[in-house]
Amino acid sequence: MADSVLYDVTDGLATITINRPDAMNAMNTEAKVALRDAVRAAAGDAAVRAVLLTAAGDRAFCVGQDLREHVQNLQADRETGSSLTMSTVSEHYNPIVRALVEMPKPVVAGVNGVAAGAGFGFALAADFRVVSETASFNTSFAGVALTADSGVSWTLPRLIGASRAADLLFFPRSVKAQEAYELGIANRLVPAQELRAQAEDVARTLAAGPTVAYAALKESLAYGASHSLADALEREDVLQTRAGASEDHGIAVQAFLAKQPPVYLGR
């Protein structure tokens with residue numbers, strides 16, 4: 001992986017760190033490619049049972065697109081008559097978000113500072129957001145005459161409702177950590193100095209959990225959000241059969257009968 005994104009796997013936990021703190025972890029092309037590749041690697045690695053997505057420094061989680069590079073690319077497009085600049089949505093942002101949302105293992109975002117634009121989208125694509133009390137969120141898109149990308153049009157209304165999502169998209173503003181917690185954007189709000197430790201604790205707890213069951217839970221929640229009750233019940237049946245056939249289910253039942261904590265294998 002490039003230095004702009006760090007990748008480590010230890011004890012079933014993949015830690016992905018956006019590493020451009022001097023640029024508030026803005027996404028230039030190198031960082032976008034590296035993040036896409038890191039998320040895909042974590043999704044496809046059977047040894048990875050949970051993912052922690054975080055960022056270097058204490059100012060920003062990710063402020064989205066690197067606008068300096070973006071302006072240069074727009075100028076190049078004008079000179080050549082092309083529209084390659086906006087292909088970054090299909091080439092980078094969409095694959096990153098899909099891999100985060102669809103991977104069959106839980107994802108925790110440790111939000112250490114400003115999460116704006118695509119950075120907000122990355123945080124929303126995680127299953128859990130552990131947020132520093134000094135962090136903030138901003139859709140940003142309309143502020144630079146753009147529409148939503150990085151899945152924000154899909155994830156944000158599911159978390160806070162269509163009306164509130166429209167308000168934040170049409171009138172971008174800084175949503176401080178406490179308000180984000182009250183809206184349901186942040187799952188846990190922690191002191192800044194405890195952010196990394198607490199985010200890792202959540203992620204490591206999930207990495208040691210019943211991975212097959214977690215994958216089924218992610219799938220059932222996504223499916224149930226856009227299907228009828230009857231369809232959701234049928235999908236629950238299929239997923240419960242899959243979870244019930246896992247080794248971890250057998251381990252959990254035996255541990256319960258023995259009155260001991262289960263030690264899951266992730267399969």
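Is valine 144 buried, partly exposed or exposed, and what is its relative accessibility? Valine 144 counts as partly exposed, because its relative accessibility is 46% and the partly exposed class runs between 20% and 50%. Keep in mind that this is a predicted model.

Start with the surroundings of that valine. Valine 144 sits in a loop. On one side of the loop is strand 8, residues 136–138. On the other is helix 5, residues 152–160. Valine 144 also belongs to a nonpolar patch on the surface. Its partners there are Leu67, Met86 and Leu146. Together the four make a patch of about 330 Å².

Now turn to a patch of another kind. Asp231, Glu234, Glu236 and Asp237 gather on the surface. Their patch carries negative charge. One of the four, aspartate 231, is found in helix 10, which spans residues 229–244. Aspartate 231 has a relative accessible area of 31%, so it is partly exposed.

Glutamate 236, a member of that negative patch, also gives a sense of distance. Take alanine 186 as the other end. The two residues are 50 apart along the chain. Their C-alpha atoms are separated by 27 Å. Alanine 186 lies in the loop that runs between helix 7 (177–183) and strand 10 (188–190). Only 4% is given for the relative accessible area of alanine 186, so this residue is buried.

Next come the charged pairs. Side chains of opposite charge can pair when their charged atoms come close. In this model the count comes to nine salt bridges. Three of them are followed here.

Begin with glutamate 219 and arginine 235. Their side chains meet in a salt bridge, at 2.9 Å from N to O. The bridge links distant parts of the chain. Glutamate 219 is in helix 9, residues 211–224, and arginine 235 is in helix 10. They stand 16 residues apart. Glutamate 219 is partly exposed, because its relative accessibility is 28%. Arginine 235 is partly exposed too, at 26%.

Glutamate 219 has another partner, arginine 242. Here the closest N and O atoms are 3.4 Å apart. This pair again joins helix 10, which holds arginine 242, to helix 9, which holds glutamate 219. The separation along the chain is 23 residues. Arginine 242 has 42% relative accessibility, so it counts as partly exposed.

Further along is the bridge between arginine 267 and glutamate 247. Its N to O distance is 2.9 Å. Glutamate 247 is in helix 11 (247–257), while arginine 267 is in the segment after that helix. The two are 20 residues apart, and they too link distant parts of the chain. Arginine 267 is partly exposed, with a relative accessible area of 46%. Glutamate 247 is partly exposed as well, at 42% relative accessibility.

Which residues do shared salt-bridge partners join into one network? They are Glu219, Arg235 and Arg242.

The segment after helix 11 also holds lysine 259. Its phi is near 55 degrees. That is a positive value in a residue other than glycine. Lysine 259 is exposed, because its relative accessible area is 78% and the exposed class begins over 50%.

Methionine 24 shows a positive phi as well, near 55 degrees, and it is not a glycine. Methionine 24 is placed in the loop between strand 2 and helix 1. Its relative accessibility is 26%, so it counts as partly exposed.

Stay in that loop for a last stop. Arginine 20 is found there, between strand 2 (13–18) and helix 1 (29–44). Is arginine 20 buried or exposed? Arginine 20 is buried, because its relative accessible area is 18% and buried means under 20%. A polar atom of the arginine 20 side chain lies 2.7 Å from the backbone oxygen of alanine 26.

Key: Residues are numbered from 1 along each chain as its sequence is written. This is a predicted model: local features need pLDDT of at least 70, side-chain atom pairs count only at pLDDT 80 or more; totals for chains, interfaces and linings use all residues. Side-chain values use heavy atoms; hydrogens and water are left out. Patches are made of residues with over 30% relative accessible area and no salt bridge: like charges are joined within 9 Å, nonpolar side chains (Val, Leu, Ile, Met, Phe, Trp, Tyr) within 5 Å. Accessible areas come from the Shrake-Rupley method with a 1.4 Å probe; for residues, only the protein chains shown count as cover. Lys and Arg count as positive and Asp and Glu as negative; His and the chain ends are not counted. The place of a charge is taken as NZ of Lys, CZ of Arg, CG of Asp or CD of Glu. Buried means under 20% relative accessible area, exposed over 50%, partly exposed in between (1.4 Å probe, protein chains only). A polar contact is a pair of N or O atoms within 3.5 Å; within protein, one must be able to donate a hydrogen and the other to accept it, and residues adjacent in sequence count only if both atoms are side-chain atoms.
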